[in-house]
Amino acid sequence: MSTYDVAVIGSGPGGYVAAIRCAQLGMKTAIIEKYSTLGGTCLNVGCIPSKALLDSSHHYHDALKHFEEHGIEIPGEVKLNLEKMMERKSSVVSQTCDGVKFLMDKNKIDVIEGVGSFKDKTHVNIEKDGETQTIEAKKIIIATGSKPANLPFIELDKERVITSTEALTLKEVPKHMIVIGGGVIGLELGQVYRRLGAEVTVVEFMDRIIPTMDSALSKELQKVLKKQGVKFHTSTKVKSVERNGDEIIIKADDKKDKEIELKGDYCLVSVGRRPYTDGLNADAAGVELDDKGRVKVNDHLQTNVENIYAIGDVVRGAMLAHKAEEEGSMVAELIAGQKPHIDYNLIPGVVYTWPEVAAVGKTEEQLKEEGVKYKEGKFPMRALGRSRASGDIDGLVKILADEKTDEVLGVHMIGARTADLIAEAVTAMEFRASAEDIARMSHAHPTYAEAVKEAALAATENRALHI
C-alpha cells in the first residue's frame, strides 16, 4: 500500500493548487481524480471553455456589428463556423488541462485516476474499471467541487433542457434559448448565444439580475444586455418546464402573479451549483456534512475529523475558482505549521460578459443593512478617452468609503477589462487604503484604470476631474 503525507481528492483549482503547495513544502503528495483529465469543473466544463466561447463569440459579434465603424470592411458575408469555434474551445481546454498534468509531474505529485472514497479517516479507496486500490495518508484534503443545481420539477434531458455543461458543446445555435437564472453562468452563456444569433430570454426569480452584487451593477448590466437584444423577466417564478419534440414550453408567474408562457427550442437551467460529495463515503471517516450538503469546516478549513480538511465549492462560501485556490494554499501551509489567513471579504467576484462586471468588498445594500455610514464616488466609463477610443463606453466604477476614516469598503465596476482592474481594488483594500490614497496614485493615460482613480476622487470631496 502506498503511503503519503497528504492525499487530495479532486483536481480542480482548489485541489491541484493544494497538491502543488504541499509538494513545495516538502510533503509526499497524491492527487485523486475520477476523470481522465485534470482541472475539475473549472478547466473542463466551466471557467476556461466558457471564456473561450465568450472571446470567440465577441470576435464574431464585432465583425458583424462594429468593424465597419472602425473603417474595417469585410467583403462578402461574415459566416459563423460553430464546429470550428467549438474545436478551438476544446483545444484551449486540452492545453490548459495538459498544463496541470505538467505541474503535477514537475512537483513529483502522484496522480491516481479513479473515484476516491473514504475507507476510514486515513485510508482512501480509489475505484477504476471495477478494480480498487487503497492508499494511506496522514492528512486528506477534500476538494470534490460542485455540480449544476436544478429545480425539483425540472427534468434535465441534457439535449434541449440543459445545464451549463451541455451549453458548452451545442452543435447548433438555438433559435430561442430561455435561460432560467439571471446569475453569472446564465448571463455569460446567454450572451455567447445571443451574439451568435439566438434569441435569448432570461427568467430570474429575484427582482434583478446578478442579485448578490451591488444594485448599480445589476441595473447597468441589464440595460446594456437589453441593448444587445436580451429579454428579461425578473421577479418571475418558473412553475413548469415541458418538452414537446424540439419545443420547450415554460410556464411562470410574473411579478403581478399573472401566468406567462415562454416557448423556445432550448432551455438553459442555471440556478446555481450544489456541493458534490456523491460517492465520497464521508460517513466512513466520520466527516460531517451540513444541511446543504457541504462539508462542515472550522476557520482553518478543518473538518470535525482532525486530519481531514475541505476546500472550494464543497465548503461554505462563494463558489469561485480563485477562492478555492486560496483555500488550497492556506490548508497546505497550515498542515506545514505556518499561519496563513484569508480575508473572505476581499475575494473578488467577476461576471465575464461584455462589458465585464467585477466587485470586491461590501455592496451599498450591505452597508445600509449594517448601519455603516459611508460616502460614494462614481465615474462613468464613457467619460474616459480610452473608452471612447475603443468604443467601449458602457459602464461605471463605484467606490464606497467609510464616511469618517475614508477607508475603502467596497469597489464595484462594470466596463471593459474590469475583470483585470478589480485587482487594483483588492490590493488597495488588502492594505486598508483610503479613497484619497487611490486618488493620489498616478494612473497611466489613456487607460480604463483611470476610472478607478476618478471614482476615488469623486468619493474624496467630490473631486472627480473629468465629469
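# Strands, helices and hollows in a predicted model

Reply: To start with a small detail of this predicted model, aspartate 120 has histidine 123, in β5, as its bridge partner.

Me: ok, and which strand does β5 pair with, and over how many bridges?

Reply: Strand β5, residues 123-128, pairs with strand β4, residues 115-120, in the antiparallel sense, and five bridges hold the pairing. Together β4 and β5 form a hairpin, with two residues between them.

Me: what's the strand order in the open sheet of three strands?

Reply: The order in that sheet is β12-β13-β14, and the pairing is antiparallel. Because β12 (237-244) and β14 (259-264) stand at the edges with a single partner strand each, one side of each is left without a neighbour in the sheet. Neighbouring strands of this sheet are turned against each other by 20° on average, with direction ignored.

Me: how many bridges between β12 and β13?

Reply: Seven bridges join β12 to β13, the strand at residues 247-253, and the two run antiparallel. To pick out a bridge there, glutamate 242 has isoleucine 249 in β13 as its partner.

Me: and the open sheet of five strands, parallel or antiparallel?

Reply: The pairing in that sheet is parallel, and the strands come in the order β8-β15-β9-β10-β11. The edge positions are taken by β8 (161-162) and β11 (231-233), each of which has a single partner strand, so one side of each lacks a neighbour in the sheet. Further in, strand β9 (residues 176-180) is joined to strand β15 (residues 266-269) by four bridges, the two running parallel, and valine 179 stands opposite leucine 268 in β15.

Me: switching to helices, at what angle do α1 and α9 pack?

Reply: Helix α1, residues 13-24, and helix α9, residues 321-335, pack at an angle of about 30°, and their axes are 7 Å apart. Angles under 35 degrees count as roughly parallel, and α1 and α9 are therefore described as roughly parallel to each other.

Me: left-handed or right-handed crossing?

Reply: The crossing in which α1 passes α9 is right-handed.

Me: now pockets. what volume does the second largest one have?

Reply: The volume of the second largest pocket is about 1,000 Å³. Its lining has 37 residues, and the closest to the pocket centre are His58, Asp62, His66, Trp354 and Asp392.

Me: which elements give two or more residues to that lining?

Reply: Those elements are α3 (47-65), α6 (184-195), α7 (215-227) and α11 (385-390). The largest share, ten residues, comes from α3.

Me: what's the split by class, since I care about the charged ones?

Reply: The lining of the second largest pocket has 13 charged residues, alongside twelve nonpolar and twelve polar ones.

Me: you listed Trp354 as close to the centre; which residue does its cis peptide bond join it to?

Reply: A cis peptide bond joins tryptophan 354 to proline 355, with omega at about 5°. Proline 355 has its place in the loop between β18 (349-351) and β19 (356-361).

Me: and what about the bond from histidine 445 to proline 446, cis or trans?

Reply: The peptide bond from histidine 445 to proline 446 is cis, with omega near -5°, and proline 446 is found in the loop between α13 (435-439) and α14 (450-459).

Me: where does phi of aspartate 406 sit?

Reply: Phi of aspartate 406 is near 70°, which is a positive value in a residue other than glycine. Aspartate 406 lies in the loop between β21 (396-402) and β22 (408-415).

Me: last topic, how many cavities of 30 Å³ or more?

Reply: The count comes to two cavities of 30 Å³ or more. The largest cavity holds about 60 Å³ of space, and the residues that line it include Pro148, Thr163, Ile185, Val269 and Arg273. By class, that lining divides into five nonpolar, four polar and one charged.

Me: and what lines the second largest cavity?

Reply: The second largest cavity, with a volume of about 30 Å³, is lined by Gly186, Leu187, Gly190, Gln191, Val200, Val202, Leu225 and Val230. Both α6 and β10 (199-203) supply at least two residues of this lining, and the largest share, four residues, comes from α6. The lining of the second largest cavity divides into five nonpolar, three polar and no charged residues.

Notes: Residues numbered from 1 in each chain as written. Predicted model: local features only at pLDDT ≥ 70, side-chain atom pairs only at ≥ 80, totals over all residues. Heavy atoms only, no water. 1 Å grid on protein atoms, 1.4 Å probe; cavity = no way out; pocket = protein on both sides within 12 Å on 5 of 7 lines; lining within 4 Å. Points joined across faces, edges and corners; volume = space filled by probe spheres on them. Nonpolar A, V, L, I, M, F, W, Y, C, P; charged D, E, K, R; others polar. Pairing = 2+ DSSP bridges. Axes fitted to C-alpha atoms, helices over the stretch in contact; angles between N-to-C directions. Parallel < 35°, antiparallel > 145°, perpendicular 65-115°, else oblique. Left-handed = near helix turned anticlockwise from the far one by under 90°.
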